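Colleague: Could you walk me through this one? I have a few questions ready.

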Amino acid sequence: RALLVVLEMYYPDWRALTIHESSPINRGVSPKLAREARDYMPTQYLPALPRGATFNGFRNENLEQQTFADASFDLVITQDVFEHLFRPDLAIREIARTLKPGGAHVCSVPIVRKHQSSVRRASLTDDGSIVHHLEPQYHGNPVSADGALVTVDWGYDVCGYLARQSGLDVAMVVVDNIDLGIRAEYLEILVCRRSREPALTL
């Protein structure tokens, strides 16, 4: 609900925009986007399928290595995805690449380390093996009963990290509004905006 409030605040015309949502779920904001957005592209990632293929109404896309053309979307939406990525640096760069000038990545990220720096929980070796730096944790996964491994416990330094990796302008919005039924933990929403102006080359 908090993500939808932020969308309405920053992009009230979202229904008319071109939207990519990575790893949508079957409740909350995702079904509303699917119903009401004029041009909505939902994606999931199944490594066994060819990237860019379509299955069960979803396009198969690795957020860290996408097949979309540059400047394809006005908005990219992710809900609690970045804590499950092995290479969030590659993902945010790919998202920035696929955003149109003036576009934005709007995402929810649980800030579990409120007063500490982010910490890596798991990483991949060159041969694809998983190295666990902390006790493994898993969250629900819409395309796998095995769940989704938590790879990063994020702190508030996530804003600076994403900005440095992507060149996007990153702001954090916290929605706390009991009148809207929004009062809980982990209500941080990030708005990562691409400039409308091309970068200067010197």
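Colleague: Which residues lie nearest the centre of the largest pocket?

Modeller: Happy to help, and do keep in mind that this is a predicted model. The largest pocket holds about 1,500 Å³ of space, and its lining is made up of 49 residues. Nearest its centre lie Ser23, Asp80, Val81, His84 and Ala148.

Colleague: How many residues of its lining are nonpolar, polar and charged?

Modeller: Several elements contribute at least two residues each to the lining of the largest pocket, among them helix H1 (2–10), strand E9 (122–124) and E15. Strand E10 (130–132), strand E11 (138–139) and strand E12 (148–149) also supply at least two residues each. By class, the lining comes to 24 nonpolar, 15 polar and 10 charged residues.

Colleague: You mentioned H1. What do the buried residues of H1 pack against?

Modeller: Let's start with the residues themselves: the buried ones in H1 are Ala2, Leu3, Leu4, Val5, Val6 and Leu7. Their packing partners are helix H2 (29–36), strand E5 (73–79), E6, E14 and E15.

Colleague: Let's take one residue from that helix. Is leucine 3 buried or exposed, and what is its relative accessible area?

Modeller: Leucine 3 lies in helix H1. Leaving aside neighbours within four places in sequence, leucine 3 is in contact with Val29, Ile77, Thr78, Gln79, Val106, Cys107, Ser108 and Ile189. Buried means under 20% relative accessible area, so leucine 3 counts as buried, at 4%.

Colleague: And how far is the C-alpha atom of leucine 3 from that of glycine 102?

Modeller: Along the chain, leucine 3 and glycine 102 are 99 residues apart. In space, their C-alpha atoms are separated by 19 Å.

Colleague: Now to strand E15. Which residue of E15 is the bridge partner of valine 106?

Modeller: Strand E15 (residues 188–193) is mostly covered, with five of its six residues buried. Strand E6 (residues 99–108) runs antiparallel to E15, and five bridges join the two. In E15, valine 106 has as its bridge partner valine 191.

Colleague: What about strand E14: which residue of E15 is the bridge partner of alanine 171?

Modeller: Strand E14 (residues 169–174) pairs with E15 through six bridges, in the antiparallel sense. For alanine 171, the bridge partner in E15 is valine 191.

Colleague: There is also an open sheet of three strands. Which strands stand at its edges?

Modeller: The order in this open sheet is E7-E13-E8, with mixed pairing. Each edge strand has a single partner strand, so one side of each is left without a neighbour in the sheet. Those edge strands are E7 (111–113) and E8 (119–120).

Colleague: Which residue in E13 does arginine 113 stand opposite?

Modeller: E7 and strand E13 (residues 152–155) are paired in the parallel sense, over two bridges. Opposite arginine 113, in E13, stands glycine 155.

Colleague: On to the aromatic pairs. What kind of pair do phenylalanine 55 and phenylalanine 58 form?

Modeller: The model has three aromatic pairs. In this one, the ring centres are 6.2 Å apart and the planes are at 40°. Phenylalanine 55 is buried at 14% relative accessibility, whereas phenylalanine 58 is partly exposed at 23%. Planes under 30 degrees apart count as stacked and those over 60 as edge-to-face, so phenylalanine 55 and phenylalanine 58 form a pair that is tilted.

Colleague: And what kind of pair do tryptophan 154 and tyrosine 161 form?

Modeller: Tryptophan 154 is buried, with a relative accessible area of 4%, and tyrosine 161 is also buried, at 19%. Their ring centres lie 5.4 Å apart with the planes at 50°, so the pair is tilted.

Methods. Residues numbered from 1 in each chain as written. Predicted model: local features only at pLDDT ≥ 70, side-chain atom pairs only at ≥ 80, totals over all residues. Heavy atoms only, no water. Phe/Tyr/Trp six-rings, centres within 6.5 Å; stacked < 30°, edge-to-face > 60°. Buried < 20%, exposed > 50% of the residue type's maximum accessible area, 1.4 Å probe, protein only. Helix = DSSP H or I, 4+ residues; strand = E, 2+ residues; numbered from the N terminus. Pairing = 2+ DSSP bridges. 1 Å grid on protein atoms, 1.4 Å probe; cavity = no way out; pocket = protein on both sides within 12 Å on 5 of 7 lines; lining within 4 Å. Points joined across faces, edges and corners; volume = space filled by probe spheres on them. Nonpolar A, V, L, I, M, F, W, Y, C, P; charged D, E, K, R; others polar. Contact = heavy atoms within 4.5 Å.
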